[in-house]
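Student: Could you take me through how one reads a residue's surroundings and an enclosed space in a protein model?

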Amino acid sequence: MTIGECARLACILEATARKPGNVHRERDFPNLTYQDLLTSADAIAPVLNGAPDRPVGETVLECIRSTTRNVNSNTNLGIVLLLAPLAAGPDIVKTLDELTVDDAIHVYEAIRLAKPGGLGQVAEQDVAATPTVTLKDAMSLAADRDSIARQYVNNFADVLEGAKHFTSRRVYPGGRELEAAIIDLHLRFLSRFPDSLVHRKRGEQEACQLQSLAQAILADASQLPALEAWFEAEFPQRNPGTTADLVCASLFVALRQSIITVLPDEAS
C-alpha cells in the first residue's frame, strides 16, 4: 500500500469505529458528519503520497487546503499534523530535528485556515502571529497542554506505542474485526491523557473527569453507560477529538509497518 492509501484507510478505520463521544458510522454531529470524515480521507491521501518529497509544513498546508475545498468544517487538522511528519520518511527523529521556521509558518497558516475550536491565545508564538522558531520548538511550547504537540517533543512515542496495540491483525471487509481493538486503544489513550480538545472547549476539570471515566471502564466494562451519559449531557461539546487523532495516527503507523495487513482484494 502507498503512503496515501495507508493514510486513507487509517482515517476510514478510525472514523468508522463506534468510539464513545466521536462521530462514527452510526452517529453524526450537527456540524460534522461521518461522510465529512470519509471525504476528508480522500482529500488528504494524494497529498500525503508526496510527503517524502516536500517539507512537512507544506504537506500540512496542502492537506488542509485540499480538505477545505471539500468539506465545510475542521475535520482533520490534528490528523494531518500527526500524519505529515510520519509520512515524510522512515526516521521520525530525523524528520522532527530537521523541521524549520518555514515549516512553522506553513503550519500556522494551515491552522488559521482550518479554524479549530477553542484555541484561545498564548503569550509566546501565538498562532495568530508569524512564528519565529522552528515547528518543533513551537510545538514544544504547547506540549504540556496538547497531546498532538507533545508528539513532536517525545518523537511520537505515544503514537508508536499505540501502533503496537494492533499486533498481527488483518483488515477484513468493513474493518469490523478491528473495531474492538480501535475502541480499546481509544479508551486507553483517554485514560492516560486528558483529551486536549475537551480541555480547550470545556476546561481542565471536565477533561480530567473524562480521563477518570475511561480508567473506570478499563477496570470494569459495565461502566460504559456512565461514559455515554457524560457525553450526552453536553452533546457534542465533549467530543474527544484529539484522542481520535492519536488513534488514527497509530493505525497509520500500524499499516505502514505491516502490523495491520490488508488482503489485496480489500485494499481498494
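Tutor: We shall look at one residue and then at the cavities, bearing in mind that this is a predicted model.

Student: Where does Ala 88 lie, and is Ala 88 buried or exposed?

Tutor: A residue counts as buried when its relative accessible area is under 20%. Ala 88, which lies in helix α4 (residues 77-88), has a relative accessible area of 19% and is therefore buried.

Student: Which residues is Ala 88 in contact with, leaving aside its neighbours within four places in sequence?

Tutor: With those neighbours set aside, the contacts of Ala 88 are Ala 51, Pro 52, Val 56 and Thr 95. For a distance along the same chain, take Pro 116, which is 28 residues apart from Ala 88 in sequence, the two C-alpha atoms being separated by 24 Å.

Student: How many cavities of 30 Å³ or more does a search of the whole structure find?

Tutor: The search finds 3 cavities of that volume or more, and the largest cavity holds about 70 Å³ of space.

Student: Which residues line the largest cavity, and which helix gives the most to its lining?

Tutor: The lining is made up of Cys 11, Glu 14, Ala 15, Leu 37, Ser 40, Ala 41, Ile 44, Thr 75, Asn 76 and Ile 79. Helices α1 (3-16) and α2 (34-49) each supply at least two of these residues, and α2 gives the most, with 4 residues.

Student: How do the residues of that lining divide into nonpolar, polar and charged?

Tutor: In the lining of the largest cavity, 6 residues are nonpolar, 3 are polar and 1 is charged.

Methods:
Residues are numbered from 1 along each chain as its sequence is written. This is a predicted model: local features need pLDDT of at least 70, side-chain atom pairs count only at pLDDT 80 or more; totals for chains, interfaces and linings use all residues. Side-chain values use heavy atoms; hydrogens and water are left out. Helices (H or I, at least four residues) and strands (E, at least two) are DSSP runs, numbered from the N terminus. Buried means under 20% relative accessible area, exposed over 50%, partly exposed in between (1.4 Å probe, protein chains only). Contact means heavy atoms within 4.5 Å. On a 1 Å grid over the protein atoms alone, a cavity is a set of points where a 1.4 Å probe fits but cannot get out, and a pocket is an open set with protein on both sides within 12 Å along at least five of seven lines; lining residues have an atom within 4 Å of a point. Grid points are joined across faces, edges and corners, and a volume is the space filled by probe spheres set on the points. Ala, Val, Leu, Ile, Met, Phe, Trp, Tyr, Cys and Pro count as nonpolar, Asp, Glu, Lys and Arg as charged, and the others, Gly among them, as polar.
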